[in-house]
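Reader: Hi! I'm new to reading structures and would love a close look at a single part of this one. Could you walk me through how its pieces fit together there?

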Amino acid sequence: MGHKTVYAPHQDFYIDQSKKTDNYNMDSFHMHKMYEVYYLMEGSRKYFIDDSIYLVNAGSLVLIDADSVHKTASMGDIPHSRIVVNFSLDFLKDFSDQVNALDLTSIFRTKFTVLPLSFKYKLTIENIFSRLMDLQDSEQHKDALITTGENSISSQTILSKLLLAELLIYIKEYIHVLEQKEYESHQIVNNKVDKIIKYICKHYTEDLTLTSIAEQFYISPFYLSKIFKRSTNLSIVEYINSLRIRQAKELLETSSTKIAEIAEIVGFSSSSHFSRTFKLVTGLSPQQYKKLYSCK
């Protein structure tokens, strides 16, 4: 696949803001155990998530569930700037019963993936992002420790949790507004690519090749490769491997199956190829991943 690692385990909460002035495409797909809130401040992007392709315009939020395959691509030479927030389920667990009862991560499991914000919610949510960014840059809050029972925790961590909860509450509220309006997320529909994606989702554990898939759809391997890459910003091999790695992660977390067997179950021809691809995607070898996550 020849791309660099795009994920390594990091802290339970992460926020990043960046601006790209040129035609920027992500090197590889992402897949991580964190929930992700992506906010496009300016520009337009094409966003591939699991098995759907979305057009994202400035002022829109994108909600990405944990372990979803995702990748963004440019829409021509338009500059864009965005904010990304990643957080783990554990990061939100310390709250009061009332906040936990809101089940805030349920926002990632609705049909609303791309949310174009109304003016009111845009101002509110941009303000929360701004406060989160200021908080990250604040040395004062990093250094201020608050004692909770036997443990000490930085005021920055506590304030980050509060602001994140506030962000998710407003998003949950806005989803309810969209439900009332019967809004549909704007997907880019390409019927041929849609059928190819569904076919791969059903058969990825088998010995799939570019040629064998092309034969199923009575098109040439070259044309298949071209339309798939143009629509999803992923190669066929990348997409097949993303589905295989996602299933492998689940087996590593929840079963005692040996790594060589997992490689075979998910469709890799050899355990060495599996291990190499797994590390490229997750930043960890299968052994390291199993050790890190099987006991969580």
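**A sheet and the helix on it**

Author: Happy to! Let's begin with a pair of strands: strand S3 (residues 44–49) runs alongside S6 in the antiparallel sense, and five bridges join the two. Keep in mind that this is a predicted model. To find your place in the pairing, look for Ile49, which stands opposite His70 in S6.

Now widen the view to the sheet. This open sheet has three strands in the order S4-S3-S6, and the pairing is antiparallel. Its edge strands are S4 (52–57) and S6 (70–74), each of which pairs on one side only. As you step from one strand to the next, the twist averages 25°.

What packs on the sheet? Helix H7 does, touching S3, S4 and S6. The direction of H7 makes about 115° with that of S3.

H7 has a helix partner too. The axes of helix H5 (residues 191–203) and helix H7 (residues 221–232) come within 10 Å and cross at roughly 95°. Because of that angle, H5 counts as roughly perpendicular to H7.

Which residues make this contact? From H5 come Lys192, Val193, Ile196, Ile197 and Ile200, while H7 supplies Leu224, Ile227, Phe228, Ser231 and Thr232. Sorted by character, the residues of the contact are seven nonpolar, two polar and one charged.

So much for the pieces; here is how to trace them yourself. Start at the S4-S3-S6 sheet, go on to H7, which packs on that sheet, and finish at H5, whose axis crosses that of H7 at roughly 95°.

Methods
Residues are numbered from 1 along each chain as its sequence is written. This is a predicted model: local features need pLDDT of at least 70, side-chain atom pairs count only at pLDDT 80 or more; totals for chains, interfaces and linings use all residues. Side-chain values use heavy atoms; hydrogens and water are left out. Axes are lines fitted to C-alpha atoms, for helices over the stretch in contact, and angles run from 0 to 180 degrees between N-to-C directions. Helices (H or I, at least four residues) and strands (E, at least two) are DSSP runs, numbered from the N terminus. Angles under 35 degrees count as roughly parallel, over 145 as roughly antiparallel, 65 to 115 as roughly perpendicular and the rest as oblique. Contact means heavy atoms within 4.5 Å. Ala, Val, Leu, Ile, Met, Phe, Trp, Tyr, Cys and Pro count as nonpolar, Asp, Glu, Lys and Arg as charged, and the others, Gly among them, as polar. Two strands pair if DSSP finds at least two bridges between them.
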